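This report covers selected backbone, helix-packing and chain-level features of the structure shown below.

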Amino acid sequence: MTAHDDFNAMFSDWLDDQAGRGAPDYLDEILVRTIRTRQRPAWSSLERWLPVQLTFSGRLAPIPRLAWIMVVLAMLVLAAAALLVVGVGQRRLPHFGAAANGQIAFVDGGNLKVAAADGTNSSTLTVLPDGAERFDLRARRHPVRLPDDGIRPGDRRHQRRRLEPDRRRPRGGDRDRRSVRLVAGQPPTHLHDRHRG
Amino acid sequence: MQQDLVERARRGDHDAFAALAAAAILQLDAAARLILRDPEQAKDAVQETLVRAWRDLPTLRSPARFDAWLHRLLYRSCIDEVRRLRRHRFDVDLTPIDHPDLDDATAVMADRDQLERGFSRLDAEARALIVLHHYLDLPLPEVAIALGIPLGTAKSRLHRALQAMRAALDADARPRVEFAEGQPA
């Protein structure tokens, strides 16, 4: 028998002696505690979802608290950076409603014209016949004639009324029967100048 | 049989869990006393182990691994106990200064005393490693899993721990130089 075996035998004997033989008397105490303790649902544990090799090998357990704090901080920084990038890259809302095609129709003298939303690229669509001075902005493609209300063509007050909402409802033509309205709060610059100035 | 009890306990059958706990508590208590070197702490650790086992049993994926899982819970509870008490306790190591002549019977006692001292000097992790492997006879891969460390780390730590134990015995066996009273060395 080698010294190594001697040591192992002696050590095992010693461990057995130290461990003792008596049955512990606190099992009932434990069972009372367990009766009062609710079991966790199975789905609430990582071990239920992650591979056994990962969870049972305990690689998740020894991660120190500082490491967790660093991970949480890194995630917060990443989230802040993502918000910043998204915020900077935010574009204006696209045009909607009547301005969805990017053009606005307006009456200029006796002509029906269209222009870009910023007032540029103005072009004449058609020359209006006499008495056809009131149009729905949505009726750009098919101008609708409204009954004559006695307002003379070219009257500036009439031009202003044309841009005010729901004063008069057009008859026919516009399918949804919407009345004239301002699309973006202000008409194009040149329209403003011509008809309000 | 045990797997059936585990399955029932997982579904909330308290009687099944009581049977499992009754079968395991003797071994758990002994292992905890060896690891913690304190019966009261061991009792707390075992209580915590079994309460956690009841609470978390539904999350145990494989009932066949119940024993290994229980050992892992025991190890964690023991380490928690050590950490809890480390904050409130100072250990004072007393070294005997007299070395009386020893006959065989007392030499064995002295060896055991040295083992006790050497074992107590190990940290709780090393003691747990020794207890799980040498007392509970778990194979080293199971021990590594219970302790949550790689197998290679478990092997090297076990080697170091046993070396420390042998060194404690060797130190005691080393011949002492006796000096006659009044004589210079």
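In chain B of this predicted model, B:Arg37 lies in the loop that links α2 (14-36) to α3. Its phi is near 60 degrees, a positive value in a residue other than glycine. B:Arg37 has 24% relative accessibility and therefore counts as partly exposed, since that class lies between the limits of under 20% for buried and over 50% for exposed.

A residue of chain A also has a positive phi without being glycine: A:Asn121, with a value near 55 degrees. A:Asn121 sits in the loop between β2 (111-116) and β3 (123-127) of chain A. Its relative accessibility of 65% makes it exposed. The table sets out the two residues.

| Residue | Phi | Loop | Relative accessibility |
|---|---|---|---|
| B:Arg37 | near 60 degrees | between α2 and α3 of chain B | 24%, partly exposed |
| A:Asn121 | near 55 degrees | between β2 and β3 of chain A | 65%, exposed |

**Helix packing in chain B**

Helix α3 (residues 39-56) of chain B packs against helix α4 (residues 66-86) of chain B, with axes that come within 8 Å and cross at roughly 135 degrees. This angle makes α3(B) oblique to α4(B), because a pair counts as roughly antiparallel only over 145 degrees. The crossing of the two helices is right-handed. On the α3(B) side the contact includes B:Gln41, B:Asp44, B:Ala45, B:Leu50 and B:Arg52. On the α4(B) side, B:Trp69, B:Leu70, B:Leu73, B:Arg76 and B:Cys78 are among the residues involved. By class, the contact residues of α3(B) and α4(B) comprise 11 nonpolar, 8 charged and 3 polar.

Further along chain B, helix α7 (residues 140-147) has B:Leu140, B:Val143, B:Ala144, B:Ala146 and B:Leu147 as its buried residues. Viewed down the axis of α7(B), these residues lie within an arc of 165 degrees, so they line one face of the helix. An α-helix has 3.6 residues a turn, so residues three or four places apart point the same way. Just after α7(B) comes B:Gly148, with a positive phi of about 70 degrees.

**Chain A as a whole**

Chain A contains 7 helices and 3 strands. Starting at the N terminus, its elements follow the order α-α-α-α-α-β-β-β-α-α. Of the 197 residues in chain A, 28% are buried. Among contacts in chain A with a separation of 6 or more, 43% are between residues 24 or more positions apart.

Note on methods: Residues are numbered from 1 along each chain as its sequence is written. Chains are lettered from A and ligands numbered from 1 in the order in which they are written. This is a predicted model: local features need pLDDT of at least 70, side-chain atom pairs count only at pLDDT 80 or more; totals for chains, interfaces and linings use all residues. Side-chain values use heavy atoms; hydrogens and water are left out. Axes are lines fitted to C-alpha atoms, for helices over the stretch in contact, and angles run from 0 to 180 degrees between N-to-C directions. Helices (H or I, at least four residues) and strands (E, at least two) are DSSP runs, numbered from the N terminus. Angles under 35 degrees count as roughly parallel, over 145 as roughly antiparallel, 65 to 115 as roughly perpendicular and the rest as oblique. A crossing is left-handed if the near helix is turned anticlockwise from the far one by less than a right angle, and right-handed if clockwise. Contact means heavy atoms within 4.5 Å. Ala, Val, Leu, Ile, Met, Phe, Trp, Tyr, Cys and Pro count as nonpolar, Asp, Glu, Lys and Arg as charged, and the others, Gly among them, as polar. Buried means under 20% relative accessible area, exposed over 50%, partly exposed in between (1.4 Å probe, protein chains only). The arc is that of the directions from the helix axis to the C-beta atoms.
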